[in-house]
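Visitor: Could you walk me through some side-chain packing, with the criteria stated as we go?

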Amino acid sequence: MSDPRVPGEGSVIELPCGETVRFGDLDLGMREYQCDCGDAHAVVMDVHPPERFLPDFLVEVLREAIDTTSEEMREFGTPHLMGIVMEEFPEAVVAEDASEDADVGYALVWVADFDARRLHEVVVELVIELMEHAVSHGEDEGALREFEGMMHEFDVSAFVDQYRDERDLDAEDPYA
């Protein structure tokens, strides 16, 4: 994580596209940043709940099933989801530590090369892969076949559309 300082400007983040944005220009409600490069970049902060991407029941299951190794973040949450995304797309997501900037209200921020809707799809796709991997390590071959069968019928794009509609995550609103 870099921490470039611009005199009088505070900390800035170098985005995947090469542009920069000040920490203070990203506020807590923002889900997307309309960049000078012309693209919208997904914005995620440590204070955003994982329910932004996944239903409550699934977040509960993940919290029960996943044993985190972090002393600072013992409960599975958004930082873990974004870690999974960064592992899969290391060039497409930047992460910055804003914990030294008490004015912004968040400690960690991630900005992606893709928009908020695409990030939502990526998170769902990666959680499905994680779940499939976990089921494949079980001893029940029938459960694995059943899970794989369900996933062949599962439409990630349709799920994301429906979930965003239910949660009022409007693509036109950078704060949704």
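The exchange below takes up aromatic pairs and then one arginine.

Guide: This is a predicted model, in which local features need pLDDT of at least 70 and side-chain atom pairs count only at pLDDT 80 or more, while totals for chains, interfaces and linings use all residues. Residues are numbered from 1 along each chain as its sequence is written, and side-chain values use heavy atoms, with hydrogens and water left out.

Visitor: How many aromatic pairs does a search of the whole structure find?

Guide: Rings of Phe, Tyr and Trp (its six-membered ring) pair if their centres lie within 6.5 Å, and planes under 30 degrees apart count as stacked, over 60 as edge-to-face and the rest as tilted. Searching the whole structure on that basis gives four.

Visitor: How many residues apart in sequence are the parts that the pair of F89 and F114 ties together?

Guide: F89 and F114 are edge-to-face, at 5.7 Å centre to centre with 80° between the planes. Because F89 lies in the loop between α2 (78-88) and β6 (93-97) and F114 in the loop between β7 (108-112) and α3 (116-136), with helices (H or I, at least four residues) and strands (E, at least two) being DSSP runs numbered from the N terminus, the separation of the parts tied together is 25 residues.

Visitor: Which side chain makes a polar contact with the side chain of R52?

Guide: R52 lies in the loop between β5 (40-45) and α1 (56-65). A polar contact is a pair of N or O atoms within 3.5 Å; within protein, one must be able to donate a hydrogen and the other to accept it, and residues adjacent in sequence count only if both atoms are side-chain atoms. At 3.0 Å, the partner is H48.
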